[in-house]
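Visitor: I am new to this structure, and I would like to understand how its descriptions are arrived at. Could we look at it together?

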Amino acid sequence: MSDDEIILSELPDDELVQQMHDDLYDGLKEEVQEGTNILLERGWVPYDVLTQALVEGMRIVGEDFRDGILFVPEVLLSANAMKAGMGILRPLLAETGAPKQGKMVIGTVKGDIHDIGKNLVGMMMEGAGFDVIDLGINNAVEKYLEAIEEHQPDIIGMSALLTTTMPYMKVVIDTLKEKGIRDDYIVLVGGAPLNEEFGKAVGADAYCRDAAIAVETAKELVKRKHNVNAG
Ligand code: B12
């Protein structure tokens, strides 16, 4: 059977999720949107659609990109398809009615244009009750400083997907230290090439492996900060 003949709504859940991985791989935006809607109509919670259909699909794309089977133009199409699916989930994840937790400024660091993971963290943080100010991609330290000044966030989040751009996180944190304001904020860092050790080495409060952990860590650290301030 050719792809044209596949009717997504007729597939059972597991085959539909597989098909969505294929469609994401092929950069088929409309099909990914359709699949996302079908899973939601079937009662899937948005977080499961996000992780099992979209994030898992992008993981497979990542492997073939690494292995030289896919190239930038193809991965860009996959990224666009993923974003289209995320666009449907975003309002659903945000409308949880969670009590207000605090404010976060988040951005991808200078030299780096990867934004899917950052966007996902932003979405999940919104869903958990944080106000999120998204600085977008390719942010120099000045951008973070301006946003901190303007928004007075509780949390600063930095994302980097390249081994060449992740050291820039230290530039930002060191600048905060020089200005004597480092300890006024919780700094969270993330991105595929990072790890716990790197987070510690650059002086972040925490490295978070994924968006769910980012939410848990943010809540915990904000609570702790408030307790310290109250005490
Ligand atoms: C999609 C993609 C692209 C897309 C980006 C589209 C977009 N709008 O983002 C495009 C095609 C543009 C691209 C370009 C490039 N890419 Co690219 N890309 C990827 C790919 C396949 C997936 C990344 C992704 O979106 N993952 C899905 C999300 C959900 O996961 P995530 O980003 O890791 O985010 C999660 C966590 O890390 C964490 N997190 C992320 N950020 C943050 C921030 C905070 C504050 C917290 C708490 C947590 C957190 O939570 C997120 C959600 O759970 C990765 C492969 C990989 N293994 O990561 C390569 C990858 C990152 N790219 C790579 C490369 C080399 C490039 C290019 C240099 C290629 C080139 N020759 O031009 C350019 C770089 C351009 C630039 N200057 O930035 C390499 C990096 C290698 C390295 N060691 O540095 C990778 C690893 C692929 C590979 N193995 O070769 N890429």
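**Strands and their partners**

Guide: Let us begin with one pair of residues in this predicted model: Ile-106 stands opposite Asp-134 in β2.

Visitor: What makes β1 and β2 a pair of strands?

Guide: Two strands count as paired if at least two bridges are found between them; β1 and β2 are joined in the parallel sense over 5 bridges, and therefore they meet that requirement.

Visitor: Which strand pairs with β1 through Val-105?

Guide: That strand is β3, where Ile-156 is the bridge partner of Val-105, and the pairing of β1 with β3 is parallel, with 5 bridges.

Visitor: How do you know that β3 and β4 pair as well?

Guide: Strand β3 (residues 155-159) and strand β4 (residues 186-190) run parallel and are joined by 5 bridges, where at least two are needed, so they count as a pair. Within this pairing, Gly-157 has Leu-188 in β4 as its bridge partner.

Visitor: What touches the sheet besides its own strands?

Guide: Helix α5 (residues 116-127) packs on the sheet and touches β1 (102-108), β2, β3 and β4, while its direction makes about 155 degrees with that of β2. Together, β1, α5 and β2 make a right-handed β-α-β unit.

Visitor: Why is β1 described as largely enclosed?

Guide: A residue is called buried if 20 or more other C-beta atoms lie within 10 Å of its own; 6 of the 7 residues of β1 are buried, so this strand is largely enclosed by the rest of the structure.

Visitor: What is the order of the strands in the sheet?

Guide: The open sheet has 5 strands in the order β2-β1-β3-β4-β5, with parallel pairing. Because β2 (130-134) and β5 (206-207) each have a single partner strand, they stand at the edges, and one side of each is left without a neighbour in the sheet.

Terms used
Residues numbered from 1 in each chain as written. Predicted model: local features only at pLDDT ≥ 70, side-chain atom pairs only at ≥ 80, totals over all residues. Helix = DSSP H or I, 4+ residues; strand = E, 2+ residues; numbered from the N terminus. Contact = placed C-beta atoms within 7 Å. Axes fitted to C-alpha atoms, helices over the stretch in contact; angles between N-to-C directions. Buried ≥ 20, exposed ≤ 12 C-beta atoms within 10 Å, placed from the backbone. Right-handed = clockwise from strand over helix to strand, strands pointing away.
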